[in-house]
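User: Could you walk me through reading a few features of a model, general idea first and then the actual case?
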Amino acid sequence: MTKYLSIENNCLIYNYTDKNGDLQSVKIANYFLNGLFTLKMITDTKNSYKITEKLVL
């Protein structure tokens, strides 16, 4: 399932795919948020590592 936020016409929109794989969208707010910074988290295990990025609004 894909989930992401987008900004359309100064509105914050939550986009996701439903169980059938169809793209759905829901209007969350009448304003948009600015990203402050991107937080990178590195998870290290014995054999590999994984980088996760999160956008802080």
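Analyst: Sure, we'll take the hairpin, the aromatic rings and a surface patch in turn. This is a predicted model, so local features need pLDDT of at least 70, side-chain atom pairs count only at pLDDT 80 or more, and totals for chains, interfaces and linings use all residues. Residues are numbered from 1 along each chain as its sequence is written, and side-chain values use heavy atoms, with hydrogens and water left out.

User: How many bridges join strand β2 to strand β3?

Analyst: Strands here are DSSP E runs of at least two residues, numbered from the N terminus, and two of them pair if DSSP finds at least two bridges between them. β2 (residues 11-17) and β3 (residues 23-29) run antiparallel and are joined by six bridges; for instance, Leu 12 has Ala 29 in β3 as its bridge partner. Five residues separate the two strands of this hairpin, and Gly 21 in the turn has a positive phi of about 90°.

User: What about aromatic pairs: how many does a search of the whole structure find?

Analyst: A pair of aromatic rings is described by the distance of the centres and the angle of the planes. Rings of Phe, Tyr and Trp (its six-membered ring) pair with centres within 6.5 Å; planes under 30 degrees apart are stacked, over 60 edge-to-face, the rest tilted. The search turns up one pair. Tyr 14 and Tyr 16 have ring centres 5.5 Å apart and planes at 25°, so they are stacked.

User: Which residues make the nonpolar surface patch?

Analyst: Leu 36, Phe 37, Leu 39 and Met 41 make it, covering about 380 Å². Patch residues have over 30% relative accessible area and no salt bridge (Lys or Arg side-chain nitrogen within 4 Å of an Asp or Glu carboxyl oxygen); like charges are joined within 9 Å, nonpolar side chains (Val, Leu, Ile, Met, Phe, Trp, Tyr) within 5 Å. Areas are Shrake-Rupley with a 1.4 Å probe, and for residues only the protein chains shown count as cover. Leu 39 sits in strand β4 (residues 37-44).

Conventions. Helices (H or I, at least four residues) and strands (E, at least two) are DSSP runs, numbered from the N terminus.
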